[in-house]
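Visitor: I am new to this structure and should like to understand the terms applied to it. Would you take me through them?

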Amino acid sequence: MANKQLSLAFSRQVAAFKDDPCPKVSARLERVARLRRMVIDRREAFRSALAEDFGSHHPWLTDLMETGPVLGRCNYFLAHLPEWLAEERIDLGPEHGTSHGEILMLPKGVMGNIAPWNFAIESALVMCVDMLAAGNRVIIKPSELAPGTAQAVADAVAAYFEPELLSVVQGGPELAQEFAAMPWDHLTFTGSPRIGRLVAQAAARNMVPVTLELGGKNPALFAPDGVTEELARLFLSFRTLKSGQVCTAPDHVLVPRGQMEEWIRLAQAVWQQAYPTYVGTDQCIGIINAAHFARLSGYVEEARARGVRVEGLNSDVPDPGLRHFPLTLVVDPPADLGCMTDEVFGPVIPVVPYDDVDSVFARINAGETPLGAYIATHDTALVARFVREVRSGGAAVNNFGLQGGHVALPFGGLGNSGQGCHSAKQGFLNYSHAKSVFWGSADNIVHKVLEPPLSDLTGMAANGQYGEA
């Protein structure tokens, strides 16, 4: 038996959807606008909640990476939704006379959204833009690992939305299991590939379509001409956002073997110029909890125990009280080291030397498909090969994550890094049902040839449509 709160919320939304299965565009626009107003009004509450959960979370970073993306997507959908919902008339060909086709973008129904702890506001709400714009109703299950933010989201939603349209249920792993097993019309999960597989298995029992936004070991390839101070600075600026607790963050660096020391020197120079001291400042985002702090410490301790070179980018040391972890390089790690087998998801950066670009392409494609793949170079021919030949959910050239955050670009994984997408028009389509409608007419030849009894006209029509056998 599902959690009572979840059961009540679900049954209420199912009933409401039956009463209003295809809301008008004006209603959808109003819902998206209301979500935007909610995020603006709750700005300070969201800032405080994230700081509480992470121990430290700069308010500007909250605006940039948590609430800002929700507002940006709301604005984009408000501008484009009427055009996406416009009726599409399809020409069916002369054999169908004046018959025509139509494609309707209809709501699917009641949707579930399991949000992660690392983007506890953004991932809880940004998918709701797509879902509400598509005419659906939504129940959010926020992460129990960010309890303050989960409560802030729940309070905001309860104040701005009727529960039969958008609501929040809270709980731990047991509720998450029940949530994944509900008969949704669509279920979205953001998190690790391991849990994503369990969510997909639970959803499959009810034939529920799923969107999985997972992660992976996102590679950042520095071509020989890309080992520059400018690109090293860009890499570090993305790699240190939220202390690396970002699914699209570059996980490890691939550097030409002969330029590895130069890359390390550039990274240290850039970092020390920006932050003579980083740990203990309000610029450093806390690791979410003690368990994840210990996991990151374990990667560094294992490397040292194995005799692998470890380099800090300045003289900072970890602060377990604040859960601040310094930016740390693990240089030329063996493939079986923990930081190479796991998605690091923190400020520990493996630096991997390579001898030729083709071997890097082969190495990336031999592993699980990453959510993002990055290349630093001004060689346009190499870029063309990289974005086409390297398998990944998304890619970026001379930046290290913006493909995952722009409102006009779809965001989604592939294989181990996920399936389906959200954002942009593709996100609207993902959460809509494309319903084909055939409008028949009296002058439709195909109607005539199918009338009983079948005659030679049937074969003649088939040959005309499909060609000679």
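**Terms and their grounds**

Guide: Let us begin inside the sheet: Leu 254 of S9 is the bridge partner of Leu 221. This is a predicted model, in which local features need pLDDT of at least 70 and side-chain atom pairs pLDDT 80 or more, while totals for chains, interfaces and linings use all residues. Residues are numbered from 1 along each chain as its sequence is written, and side-chain values use heavy atoms, leaving out hydrogens and water.

Visitor: What makes S8 and S9 a pair of strands?

Guide: Strands are DSSP runs of E with at least two residues, and helices are runs of H or I with at least four, both numbered from the N terminus. Two strands pair if DSSP finds at least two bridges between them. Three bridges join S8 (residues 219–222) to S9, and the two run parallel, so the criterion of at least two is met. From S8 the chain passes through helix H9 (residues 229–239) to S9 in a right-handed β-α-β crossover; right-handed means that, with the strands pointing away from the viewer, the path from the first strand over the helix to the second runs clockwise.

Visitor: Which strand does S9 join through four bridges?

Guide: That strand is S12 (residues 348–354), which runs parallel to S9. Within S12, Val 352 is the bridge partner of Leu 254.

Visitor: Why are S10 and S14 said to stand at the edges?

Guide: The open sheet has seven strands in the order S10-S11-S12-S9-S8-S13-S14, with mixed pairing. S10 (309–312) and S14 (394–397) each have a single partner strand, so one side of each is left without a neighbour in the sheet.

Visitor: How many residues of S9 are buried?

Guide: Five of the five residues of S9 (residues 252–256) are buried, a term meaning under 20% relative accessible area, with exposed over 50% and partly exposed in between (1.4 Å probe, protein chains only). His 252, Leu 254 and Pro 256 point one way, and Val 253 and Val 255 the other. In a regular strand the side chains alternate between the two faces of the sheet.

Visitor: Why is Cys 247 in no bond with the closest cysteine sulfur?

Guide: A disulfide is a pair of cysteine sulfur atoms within 2.5 Å. The sulfur of Cys 247 is 14 Å from that of Cys 421, the closest, and this is too far for a bond. A search of the whole structure finds zero disulfides.

Visitor: Why is Cys 247 called buried?

Guide: Its relative accessibility is 16%, so Cys 247 counts as buried.
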